[in-house]
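Got the model open in your viewer? Set it to cartoon, keep the selection box handy, and we'll walk through it stop by stop.

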Amino acid sequence: MNGTFLPFFLCLCILFLLLVVLWQQFAFRTGTQAKLKRIHEKLKEIADTDSGERLMVFTDNRELMELTAQINRLLEERSRAKADYRRFETASKKMLSNISHDIKTPMTVVLGYLEIMRLNGEAAPGMLARTEQKAQSVMELISQFFTLAKIEAGDMDLKLSRIDLSGLCRESILDFYEILSKSDFQVEIDLPEQAVFVLGDREALQRILFNLVSNAVRYGSDGKYLGVVLRTDDKNVYVDVVDRGQGIEKAFAGRIFDRLFTMKDSRSRSIQGNGLGLTIARNLALQLGGDITLDSTPHVKTTFTLWLKRARY
């Protein structure tokens with residue numbers, strides 16, 4: 001009897017264990033399906049309401065946990081993309097407003113002068129000169145917009161060659177000799193006598209240097225100082241353009257290279273900035289494999305540094 005009962009009991013135990021395993025698998029599968037259904041419903045709710053919520057799933061299932069983490073990562077990227085789009089939309093509206101202002105103001109002056117000349121039947125030399133000056137400022141603004149559009153679209157044809165950056169810096173400073181002399185600027189230049197070569201496009205480098213020096217003269221006018229220093233290390237060449245003017249507050253430092261960003265007083269008649277020069281300069285520097293950085297202590301010292309890779313012989 002005992003010999004018969006023992007195998008029967010073992011069979012019952014094995015059957016019981018099989019039932020337990022089957023039940024656990026059924027419960028696990030059912031629970032997983034329920035959690036997947038809740039994930040699906042929550043994702044649909046987030047998409048329909050355009051909310052910034054994230055998924056929360058309480059489970060010991062490692063695969064479900066990893067799935068939830070990846071979904072939340074995608075939701076986070078979606079939120080960042082939406083925020084970037086809103087910032088771009090705001091910047092575009094501001095850009096259109098600034099374009100309208102920058103073009104409308106000089107054109108109003110031009111049309112006013114033309115109307116006066118028409119009524120008088122003659123053109124005074126001074127009036128013709130002012131009309132021409134305003135028209136040229138409009139053309140320069142339009143040219144800068146086209147230049148920036150070409151750079152950002154990747155349509156700028158940059159022809160790389162070995163350029164003596166030290167000599168190019170001297171040429172750029174000479175372009176401002178008259179205005180610096182008339183404005184009683186203190187000018188300090190520290191450039192090597194020997195040539196310092198970089199790999200770049202001559203026209204692009206001329207525009208970068210012109211924009212940096214022009215920016216220093218315009219916004220540093222109250223400091224009456226311009227410094228240009230060229231220094232090197234084993235791999236790079238650095239050009240520091242320094243002024244002691246109003247400088248840039250830390251709150252604005254991160255936006256100074258944004259398109260059409262201007263300081264609060266940069267639209268005064270005496271300064272006349274349009275917020276494109278630094279944007280163009282930095283975009284060109286980036287395309288040449290370099291960059292432009294800023295270090296500013298308002299009313300003490302402001303330095304824009306152009307760095308480029310040295311050209312090897």
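Here is a tour that goes from the whole chain to the core, then a helix, a hairpin and some surface spots.

**The whole thing**

Before you select anything, keep in mind that this is a predicted model. The protein has 313 residues, and buried residues make up 35% of them. Its secondary structure comes to eight helices and seven strands. Take the contacts between residues at least 6 apart in sequence: 68% of them join residues at least 24 apart. Switch on a surface and you are looking at about 20300 Å² of exposed area, with carbon and sulfur atoms supplying 58% of it.

**Into the main core**

Which residues touch the most other members of the largest nonpolar core? Select Leu-165, Leu-205, Ile-208, Val-239, Ile-292 and Leu-306 and show their side chains; these are the ones, out of 44 residues in that core. Now colour the elements that give two or more residues to it: α3 (125-152), α4 (165-174), α6 (202-219), β4 (225-232), β5 (236-243), α8 (277-287) and β7 (301-309). The top contributor is α6, with eight residues.

Centre on Val-239 and list its contacts, skipping neighbours within four places in sequence. You should find Leu-165, Cys-169 and Leu-209 among them. The list also includes Val-228, Val-229 and Leu-230, as well as Phe-304, Thr-305 and Leu-306.

Before moving on, go to the other core. A second, separate one has six residues, including Ile-39, Leu-55, Ile-71 and Leu-75.

**Helix α8 and what lies over it**

Next, select α8. Its buried residues are Gly-277, Leu-278, Thr-279, Ile-280, Ala-281, Leu-284 and Ala-285. What covers them? Show α3, α6, β6 and β7, which are all part of that cover.

For a close-up of one contact point, pick Arg-207 in helix α6. With neighbours within four places in sequence set aside, Arg-207 is in contact with Thr-147, Ile-280 and Leu-284. Draw a C-alpha to C-alpha distance from Arg-207 to Leu-284: the two are 8.7 Å apart in space, though 77 residues apart in sequence. Is Arg-207 buried, partly exposed or exposed? Its relative accessible area is 26%, so Arg-207 is partly exposed.

Then follow the chain out of α8. The helix is followed by Gly-289, which has a positive phi, near 85°.

**The β6–β7 hairpin**

Keep going to strand β6 (residues 291-297), which pairs with β7 in the antiparallel sense over seven bridges. Together β6 and β7 form a hairpin with three residues between them. Click on His-299 in the turn, where phi is positive at about 65°. Two residues from the core stop come up again here: Ile-292 stands opposite Leu-306 in β7.

**Salt bridges**

The structure holds six salt bridges. Here are three to look at.

- Select Asp-291 and Arg-282: their closest N and O atoms are 2.9 Å apart. Asp-291 counts as buried because its relative accessibility is 14%, while Arg-282, at 29%, counts as partly exposed.
- Go to Glu-178 and Lys-182, where the closest N and O atoms are 3.0 Å apart. They are four residues apart in helix α5 (residues 177-182), so about one helical turn separates them. Glu-178 is exposed at 52% relative accessible area, and Lys-182 is exposed at 63%.
- Try Arg-73 and Glu-77, with their closest N and O atoms 3.7 Å apart. This pair is also four residues apart, in helix α2, so about one helical turn lies between them. Arg-73 counts as exposed at 52%, whereas Glu-77 is partly exposed at 34%.

**Last stop: a nonpolar patch**

Turn the surface back on and select Met-107, Leu-111 and Leu-114. They form a nonpolar patch on the surface, with about 270 Å² of accessible area together. Leu-111 is found in helix α2 (residues 62-120). Why does Leu-111 count as exposed? Because its relative accessible area is 54%, and the cut-off for exposed is over 50%.

Conventions:
Residues numbered from 1 in each chain as written. Predicted model: local features only at pLDDT ≥ 70, side-chain atom pairs only at ≥ 80, totals over all residues. Heavy atoms only, no water. Patch = residues over 30% accessible without salt bridge, like charges linked within 9 Å, V, L, I, M, F, W, Y side chains within 5 Å. Areas by Shrake-Rupley, 256 points an atom, 1.4 Å probe, with all protein chains shown as cover. Salt bridge = Lys/Arg side-chain N within 4 Å of Asp/Glu carboxyl O. Buried < 20%, exposed > 50% of the residue type's maximum accessible area, 1.4 Å probe, protein only. Core = buried A, V, L, I, M, F, W, Y, C linked by side-chain atoms within 4.5 Å. Contact = heavy atoms within 4.5 Å. Pairing = 2+ DSSP bridges.
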